[in-house]
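Please look at the model shown here before reading on. The report takes up its fold, its aromatic residues and its charged side chains in turn.

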Amino acid sequence: MLLFFKIDCPHCHRQLASTERFAQQYDGQGLQVIALSRADHEDLRPHPYSFKVLIDQSQAMVGRFGRVMVPTVALVDEAGVIRYIRSGVQSFEKDQNIVEAFMRGELNDQAHRTVRLDHDRYKGL
């Protein structure tokens with residue numbers, strides 16, 4: 001699960017809280033959660049989340065997804081194929097069915113774009 005967000009976006013804060021629930025509930029079950037901010041901010045240090053938060057100041061990752069509104073959640077499989085992507089805030093409960101279908105490998109007819117997630121290129125907090 002990849003979350004694009006901005007620290008000064010109130011909708012993003014609601015999505016970050018929901019994303020934290022996913023990180024905690026699915027810990028050890030194969031769901032890796034990463035949040036990607038467009039800019040560094042003092043409020044991200046130390047970040048209060050159990051998942052990795054990366055900074056994409058050059059917006060290189062955003063460019064791989066095309067134009068991205070915030071918040072945006074993408075589910076990317078191990079091969080780098082985007083299986084689901086959506087913008088805006090949704091409740092944990094609404095996203096949970098989609099995440100569970102993704103984890104079962106049932107989102108095979110979704111976005112079909114391939115992205116490479118190279119963690120070393122981004123600044124981690």
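## Terms and basis

A residue is called buried when its relative accessible area is under 20%, exposed when that area is over 50%, and partly exposed in between, with a 1.4 Å probe and protein chains only. By this rule Gln 96, at 18% relative accessibility, counts as buried.

This is a predicted model, in which local features need pLDDT of at least 70 and side-chain atom pairs count only at pLDDT 80 or more, whereas totals for chains, interfaces and linings use all residues. Residues are numbered from 1 along each chain as its sequence is written, and side-chain values use heavy atoms, with hydrogens and water left out.

## Overall fold

The protein chain has three helices and seven strands. Helices (H or I, at least four residues) and strands (E, at least two) are DSSP runs, numbered from the N terminus. In sequence order the pattern is β-α-β-β-α-β-β-α-β-β.

Of the 125 residues in the protein chain, 45% are buried. A contact means heavy atoms within 4.5 Å. Among contacts in the protein chain with a separation of 6 or more, 67% are between residues 24 or more positions apart.

## Aromatic residues

Three aromatic pairs are present in the structure. Rings of Phe, Tyr and Trp (its six-membered ring) pair if their centres lie within 6.5 Å; planes under 30 degrees apart count as stacked, over 60 as edge-to-face and the rest as tilted. One of the pairs is Phe 22 with Phe 92, which is tilted, at 4.4 Å centre to centre and 40° between the planes. Phe 22 belongs to helix 1 and Phe 92 to helix 3 (residues 92-103), so this pair links parts of the chain 70 residues apart. Both Phe 22 and Phe 92 are buried. Tyr 49 and Phe 51 make a stacked pair, because their ring centres are 5.1 Å apart and their planes lie at 20°. Phe 51 is buried, with a relative accessible area of 4%.

Phe 22, Tyr 26 and Phe 92 form one aromatic cluster. Gln 96, in helix 3, touches two members of that cluster, Phe 22 and Tyr 26, and also Gln 25, not counting residues up to four places away in sequence. The side chains of Gln 96 and Tyr 26 also make a polar contact at 3.2 Å. A polar contact is a pair of N or O atoms within 3.5 Å; within protein, one must be able to donate a hydrogen and the other to accept it, and residues adjacent in sequence count only if both atoms are side-chain atoms.

## Arg 21 and the helix 1 to helix 3 link

Side chains of opposite charge can pair when their charged atoms come close. A salt bridge is a side-chain nitrogen of Lys or Arg within 4 Å of a carboxyl oxygen of Asp or Glu, and the whole structure has four of them. In one of these, Arg 21 pairs with Glu 93, with the closest N and O atoms 3.4 Å apart. Arg 21 lies in helix 1 and Glu 93 in helix 3, so the salt bridge ties together parts 72 residues apart in sequence. Arg 21 is partly exposed at 41% relative accessibility, and Glu 93 is partly exposed at 47%.

The charged end of Arg 21 also sits over the ring of Phe 92, 3.9 Å from its centre. A charge sits over a ring if NZ of Lys or CZ of Arg is within 6 Å of the ring centre and within 35 degrees of the ring normal.

## Glu 20, a buried charge

Which side chain of opposite charge is nearest to Glu 20? It is Arg 21, 9.7 Å away, and Glu 20 is buried yet has no salt bridge. For charge, Lys and Arg count as positive and Asp and Glu as negative; His and the chain ends are not counted.

Glu 20 is in helix 1 (residues 10-25). The side chain of Glu 20 makes a polar contact with the side chain of Gln 24 at 2.5 Å. Glu 20 touches Tyr 49, Ser 50 and Phe 51, not counting residues up to four places away in sequence.

## Around Asp 77 and Gly 105

Arg 83 and Asp 77 form a salt bridge through their side chains (2.9 Å, N to O). Arg 83 is buried at 15% relative accessibility, while Asp 77 is partly exposed at 22%. The C-alpha atoms of Asp 77 and Gly 105 are separated by 8.8 Å, and the two residues are 28 residues apart along the chain.

Gly 105 is in the loop between helix 3 and strand 6 (113-114), and is partly exposed with a relative accessible area of 35%. The side chains of Arg 104 and Glu 106 meet in a further salt bridge (3.0 Å, N to O). Arg 104 is exposed at 52% relative accessibility, and Glu 106 is partly exposed at 48%.
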